[in-house]
Amino acid sequence: MICELFWWEPVPGGDLIHDMNCCWAPFLYLCLLASQRRLAEASQETLSWMERMEVAARSRSSTSFAELIHGLELRLLNASFGGHNLTLQTHIIQALAFKLNCNFSGLSLSSAALEKVPQARPQHAMQFPAELTQNACRTRSRDLRLICIYFSSTRFFQKDINSSLLNNYVLGAQLSHGYVSNLSEPVNISFWHNQSLQLSQAPVPAELLAPLTYISLVGCSISIVASLLTVLLHLQARKQSDSVTRIHMNLHASVLLLNIAFLLSPVLATPPVPGAACVVLAATLHYALLSCLTWMAIEGFNLYLLLGRVYNVYIRRYVLKLCAVGWGVPAFLVLFLLAVKSSVYGPCKIQLSDSHGNSTGFKTTSICWVQSSWVHSVLVMGYGGLTSLFNLVVLAWALRVLNKLRAQEKAPGTRACRDTVTVLGLTVLLGTTWALAFFSFSVFLLPQLFLFTIFNSLYGFFLFLWFCSQRCRSEAEAEAEMEVFTSQMVQ
């Protein structure tokens, strides 16, 4: 049967040719089998290497992934295969190798045209121009090799804490025999991502990071000093304080904790700080923000009681109950989140845009903050939005009441104007400026961003000025009453 495959027609001396063909046919067949076996073994070796990479990625072993990736590249560059291309596929790695020559006319590769690419994965496309091999062909005329590797997991790469990836897919291409540069037509690599949450929010311009950071650092530092000084002055005159002053001091304490946690947040979000420390600080920062917002709402509620002239209503242990709400409710919410899923806290990336010429790259900076999007939406934006809305409603109601009082006052320049300043001072400083963020719906304009940073970083300082004005006002009223009492005694 083997001889008949190479037997064509009888010729003189045919017996000799017949015998020679019968001798050579098995040899050629064995060579063909050996060649195919070598090709299969080479492909199987590369595939086994890819499977080994997957095992190392799943086990999170101490294996150097850089060496594994480099080993895969070498095997693809030196692999022997029939035809013009080779495609190997595992669960999270896809490798392609193409044979090129100096007559290369370009290559367009799309994941939609590859049968082994699951449709659930985001699609990609690559276009390589015809001049890709020109530089290599000037020095050597041998065949070239183009390899493309597609990773559907980032476990093989050491991710920088200040870098971000879209959907965790990585694609790379390499040409054997030298580098490629100065192409008149670029190599195009396109991705179609099935998620666009990271692209929907406008990133902060990278050139604004330094001034915003400087404003926050200076403003928060001033607020910390001002809050500490306010608390010390309150402790000095604690016996003379009333419920209103004690409410102010609790707000100062929450602002002090918020500013300290905020300044420490970027420091603990970067290695080599342990991840547990960042989780604790993120939870503390969230707790401080919720406490601050709660005490803002308490200030609005207390202002409503004062302006409503509800002096006949007695609430037993009023300040103690307010403290249970102002400090207890945020603590319960944060502890509940930690108990259910502690991963809601940790390093959070803030996306920055960095423009270079006609292209735009994306960078990130990290802070210890809330990582869960739904927690951020409900217990940050929603909580703060309700607080700001409540204070704005109280402000509108208070202005309406003051307008009525102003109409009844015979000397409108005294009591009515003084109450107006009081309402604006309390409500604006304790709620309105935060509405710049909570009512922005994740869209920040440049002036809005700077106003929010300036006003709220100096929040503790503004409260300190309010405390000083109220204390001076109380002392002036006390002196006036003393003068009246002294004059009556003299008469």
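A residue is called buried when its relative accessible area is under 20%, exposed when that area is over 50%, and partly exposed in between. This definition underlies much of the report that follows, which concerns a predicted model.

**Strands β3 and β4**

In strand β4, which covers residues 124-128, 4 of the 5 residues are buried, so the strand is largely enclosed by the rest of the structure. Its pairing partner is strand β3 (residues 107-110), and the two run antiparallel over 4 bridges. Within this pairing, Leu 109 has Met 126 of β4 as its bridge partner.

**The protein as a whole**

The protein has 491 residues, and 37% of them count as buried. Its secondary structure comprises 14 helices and 10 strands. About 28800 Å² of surface is exposed, and carbon and sulfur atoms supply 62% of that area. Among contacts in the protein with a separation of 6 or more, 72% join residues that are 24 or more positions apart.

**The open sheet**

An open sheet is built from 4 strands in the order β1-β2-β5-β6, with antiparallel pairing. Strands β1 (85-89) and β6 (170-175) stand at the edges; each has a single partner strand, so one side of each lacks a neighbour in the sheet. From one strand to the next, the twist averages 10°. As a general point, the side chains of a regular strand alternate between the two faces of the sheet.

The pairing of β5 (residues 144-151) with β6 is antiparallel and extends over 6 bridges. Here Ile 149 stands opposite Gly 172 in β6. Helix α3 (residues 65-78) lies across β2 (93-100), β5 and β6, and it runs at about 140° to β5.

**A salt bridge between two helices**

How many salt bridges does the structure hold? The structure holds 1 salt bridge. The side chains of Arg 75 and Glu 45 form a salt bridge, with a distance of 3.8 Å from N to O. Arg 75 belongs to helix α3 and Glu 45 to helix α2 (residues 14-59), so the pair ties together parts that are 30 residues apart in sequence. Arg 75 has a relative accessible area of 25% and is therefore partly exposed. Glu 45, with a relative accessible area of 46%, is also partly exposed.

**Helices α6 and α7**

Leu 217 is located in helix α6, which spans residues 209-236. Together with Tyr 214, Val 218 and Ile 222, Leu 217 makes a nonpolar surface patch of about 370 Å². Is Leu 217 buried, partly exposed or exposed? Its relative accessibility is 46%, so Leu 217 counts as partly exposed.

Asn 259 is part of helix α7 (residues 243-268). Its relative accessibility is 5%, so Asn 259 counts as buried. Leaving aside residues up to four places away in sequence, Asn 259 touches Cys 220, Ser 223 and Ile 224.

The table sets out the accessibility of the four residues discussed individually above.

| Residue | Relative accessibility | Class |
|---|---|---|
| Arg 75 | 25% | partly exposed |
| Glu 45 | 46% | partly exposed |
| Leu 217 | 46% | partly exposed |
| Asn 259 | 5% | buried |

Definitions and conventions:
Residues are numbered from 1 along each chain as its sequence is written. This is a predicted model: local features need pLDDT of at least 70, side-chain atom pairs count only at pLDDT 80 or more; totals for chains, interfaces and linings use all residues. Side-chain values use heavy atoms; hydrogens and water are left out. Patches are made of residues with over 30% relative accessible area and no salt bridge: like charges are joined within 9 Å, nonpolar side chains (Val, Leu, Ile, Met, Phe, Trp, Tyr) within 5 Å. Accessible areas come from the Shrake-Rupley method with a 1.4 Å probe; for residues, only the protein chains shown count as cover. A salt bridge is a side-chain nitrogen of Lys or Arg within 4 Å of a carboxyl oxygen of Asp or Glu. Buried means under 20% relative accessible area, exposed over 50%, partly exposed in between (1.4 Å probe, protein chains only). Two strands pair if DSSP finds at least two bridges between them. Axes are lines fitted to C-alpha atoms, for helices over the stretch in contact, and angles run from 0 to 180 degrees between N-to-C directions. Contact means heavy atoms within 4.5 Å.
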